[in-house]
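Could you walk me through this model, one selection at a time? I have it open in the viewer and would like to know what to click next.

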Amino acid sequence: MSLAEKLSGKFLTFEGIEGSGKTTQVQLFQEYLTRQAVPFVLTREPGGTAFGREVRKILLDQHGPERAPVAELLLYLADRYQHLREVIEPSLKSGLCVLADRYHDATVAYQGYGRGIELSFIEELWRVLGFRDPDLTVVVDLPPERALQRARSRNSAIGMDAAGRFEAEDLEFHRRVSDGYRKLSRRYPGRVKLIEGAGSAEEVHSKVVRVVEAHFS
Ligand code: TYD
């Protein structure tokens, strides 16, 4: 069976803290799928739909008004609900592979482990809203100290100050998020695969490809 056949109708998500190299890996993986002639759509959260892009502006506005953690959680879920119905589900149904830069594990890691919202509450909402699990989730794992350093130098290189709401958060927050992703990989070992993010982008990419190929073989 070709890779295109194996990945037809499959939902892949990429996760990781800021500066982990996730976005670079999504980019390299997208190029890999193109080379392998796998029909796919690349999307992201928050902001995978027109509605979601409006929600994203509110969520990521560093100077935006105060919001309670649960209010913020509900916005991420509103973005996801629309995204599933408008992009993810129809694409999977038509046989495309869906590649998403972040999805629900980010909510568990950031709003759950990071902000301290009860995991059982997030899980209950997930169930009631009828969300689906990805077929495979790749977590690019890099120690928060190194990831934050990378994120900060990248932001100053492109002329942003400390940048982004989350990148301005303290190290403790990023530690909790990073631990959250590790816990998710232990809880769902069949679906959530942790990939060591140290090393060159190409080295990490090779590991990603090996994990994906093994998962769908
Ligand atoms: P983005 O600019 O896309 O950053 P990155 O390149 O790191 O993905 O911003 C997305 C931010 O939203 C990121 O800080 C993580 C956060 N987020 C949550 O807190 N919960 C969620 O459910 C999702 C999808 C993202």
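The tour below starts at the ligand and then moves on to the aromatic rings.

Before you click, note that this is a predicted model, in which local features need pLDDT of at least 70, side-chain atom pairs count only at pLDDT 80 or more, and totals for chains, interfaces and linings use all residues. Residues are numbered from 1 along each chain as its sequence is written, and side-chain values use heavy atoms, with hydrogens and water left out.

**Stop 1: the ligand**

Select the ligand and its shell of 15 residues, where a residue counts as near if one of its heavy atoms lies within 4 Å. E18, K22, R102, T107 and Q111 come nearest. By class, the shell has six nonpolar, three polar and six charged residues; here Ala, Val, Leu, Ile, Met, Phe, Trp, Tyr, Cys and Pro are nonpolar, Asp, Glu, Lys and Arg are charged, and the others, Gly among them, are polar.

Now show polar contacts (pairs of N or O atoms within 3.5 Å; within protein, one must be able to donate a hydrogen and the other to accept it, and residues adjacent in sequence count only if both atoms are side-chain atoms). Ligand oxygen atoms lie 2.8 Å from a polar side-chain atom of K22 and 3.1 Å from a side-chain N or O atom of R80. At Q111, a side-chain N or O atom is 2.8 Å from a ligand nitrogen. The protein covers 88% of the 550 Å² of accessible area that the ligand has on its own (Shrake-Rupley method, 1.4 Å probe; for residues, only the protein chains shown count as cover).

**Stop 2: the helices around it**

Colour by helix (DSSP runs of H or I, at least four residues, numbered from the N terminus). At least two shell residues come from each of α2 (22–35), α3 (50–60), α4 (69–93) and α5 (104–114). Which helix gives the largest share of the shell? That is α5, with four residues.

**Stop 3: aromatic rings**

There are five aromatic pairs to find (Phe, Tyr or Trp rings, the six-membered one for Trp, with centres within 6.5 Å; planes under 30 degrees apart are stacked, over 60 edge-to-face, the rest tilted). Pick F29 and Y32: their centres are 5.5 Å apart and their planes at 35°, so this pair is tilted. F29 is buried at 0% relative accessible area (buried is under 20%, exposed over 50%, partly exposed in between; 1.4 Å probe, protein chains only). Add F14 to see one aromatic cluster with F29 and Y32.
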